[in-house]
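Hi,

Here is the structure I promised to hand over. Have a look at it first, and then read on for what turned up in it.

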Amino acid sequence: PTPAAPLLIARRLHARYGGFTALDGVDLDLSPGRVTAVVGPNGAGKSTLFHCLAGTLRPAHGTVRLGGRDITALPAHARSRLGVARTFQQLAVFPSLTVAENVRVGAEQGRVSDPGAVERTLRLLGLDGPVRALPAAGLPTGTLRRVELARVLAGGPRVLLLDEPAAGLDSAEVAALARVLKALAADGTALLVVEHDLDLVAGLADVVHVMTAGRIVASGPPGNVLNALGTAAGP
Ligand code: ADP
Ligand code: MG
């Protein structure tokens, strides 16, 4: 089948913190049904790129378009209404609300108002058992990450941006996360995964971009790109 046209298109993104250039002309396309990964060393600019796509940072130059519409000037909440959803590197759940209530809040903040979304999402993430009635405070990190993801998914995003989704997860949790993300892609969501965990990226991504010092320096299927990284950088 012909690959779907890109849904989110970023061009020539530049971002600065004071005099420091954190993004130096980045182009990125996210397409429905595809998982795009961005990898690179600490300080490469991955999170800065993520913030420019999510709307939490305004680039100094460059554009972000969604389905042909220029969204460069739109803040995060407006992008979220258009279906661009993101998770947080620091967990963002309401501690005093139950798991199900957290997911309900997400459904209300999203693109679509779908009464079935909460239950469907709880099931997809294995949160439909007794845990649904527990307050988020005190749940283990792996569960909280699922709650956070469920909250975002309940809003029916077309584009899902994930910054280090595997952080703090054990290998079984990472494998479960990969299955959920693959199911979302198969359903037509456009995914961006900014990730340190190259094993997750290798098993999940359709295309990998390597960032260094604010630029994308290599792109391709994970096999090619990650092997080249291993050769260049050693273990
Ligand atoms: P990564 O996510 O790849 O580790 P970041 O995008 O977080 O990289 O950071 C890129 C560069 O920008 C780093 O050198 C970092 O120190 C710097 N930086 C990030 N955020 C800020 C900020 N709020 N103020 C100043 N410098 C920042
Ligand atoms: Mg980061």
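**The antiparallel sheet**

Strand β4 (residues 61-66) pairs with β5 in the antiparallel sense, and two bridges hold the pairing. Within it, Arg65 has Asp70 of β5 as its bridge partner. Before you go further, please keep in mind that this is a predicted model.

These two strands belong to an open sheet of four strands, ordered β2-β1-β4-β5, with antiparallel pairing. The edges are taken by β2 and β5 (69-70), and each of these has a single partner strand, so one side of each is left without a neighbour in the sheet.

Helix α1 lies across three strands of this sheet, namely β1 (8-17), β2 and β4. The helix runs at about 120 degrees to β1.

**The mixed sheet**

There is another open sheet, this one of six strands in the order β6-β7-β8-β3-β9-β10, and its pairing is mixed. Its edge strands are β6 (84-86) and β10 (215-220), each of which pairs on one side only. From one strand to the next, the twist averages 20 degrees.

At the β10 end, strand β9 (residues 207-212) and β10 run antiparallel and are joined by five bridges. One pair you can look up there is Val210 with its bridge partner Ala218 in β10.

Helix α1 (residues 46-54) turns up here as well: it lies across β3 (35-39), β6, β7 (159-163), β8 (190-194) and β9. Relative to β7, α1 runs at about 150 degrees. So that you have both in one place: α1 lies across strands of the four-stranded sheet and also across strands of the six-stranded one.

**Around ligand 1**

Which residues surround ligand 1? They are Tyr17, Phe20, Ala22, Gly40, Asn42, Gly43, Ala44, Gly45, Lys46, Ser47 and Thr48. Two elements, β2 (20-30) and α1, give two or more residues to this shell. The largest share, three residues, comes from α1. If you are thinking about the character of the shell, it divides into four nonpolar residues, six polar and one charged.

Tyr17 is worth a click. This shell residue sits in strand β1. Is Tyr17 buried or exposed? It counts as exposed, because it has 9 C-beta neighbours inside 10 Å, and the cut-off for exposed is 12 or fewer. Tyr17 and Thr48, both in the shell, are 31 residues apart in sequence, while their C-alpha atoms are 9.8 Å apart in space.

**Two backbone angles to check**

Most residues other than glycine have a negative phi. Two residues here go the other way, and you may like to inspect them on screen.

- Glu164 is not a glycine, yet its phi is positive, at about 50 degrees. The residue lies in the loop between β7 and α6 (171-186). Glu164 counts as buried because 20 C-beta neighbours lie inside 10 Å, and 20 or more is what buried requires.
- Ala213 is not a glycine either, and its phi is positive too, at about 45 degrees. You will find Ala213 in the loop between β9 and β10, the strands joined by five bridges. With 14 other C-beta atoms within 10 Å, Ala213 is partly exposed.

That is what I have for now; happy to talk it over whenever suits you.

Best wishes

Key: Residues numbered from 1 in each chain as written. Chains lettered and ligands numbered in written order. Predicted model: local features only at pLDDT ≥ 70, side-chain atom pairs only at ≥ 80, totals over all residues. Pairing = 2+ DSSP bridges. Axes fitted to C-alpha atoms, helices over the stretch in contact; angles between N-to-C directions. Contact = placed C-beta atoms within 7 Å. Near = placed C-beta within 6 Å. Nonpolar A, V, L, I, M, F, W, Y, C, P; charged D, E, K, R; others polar.
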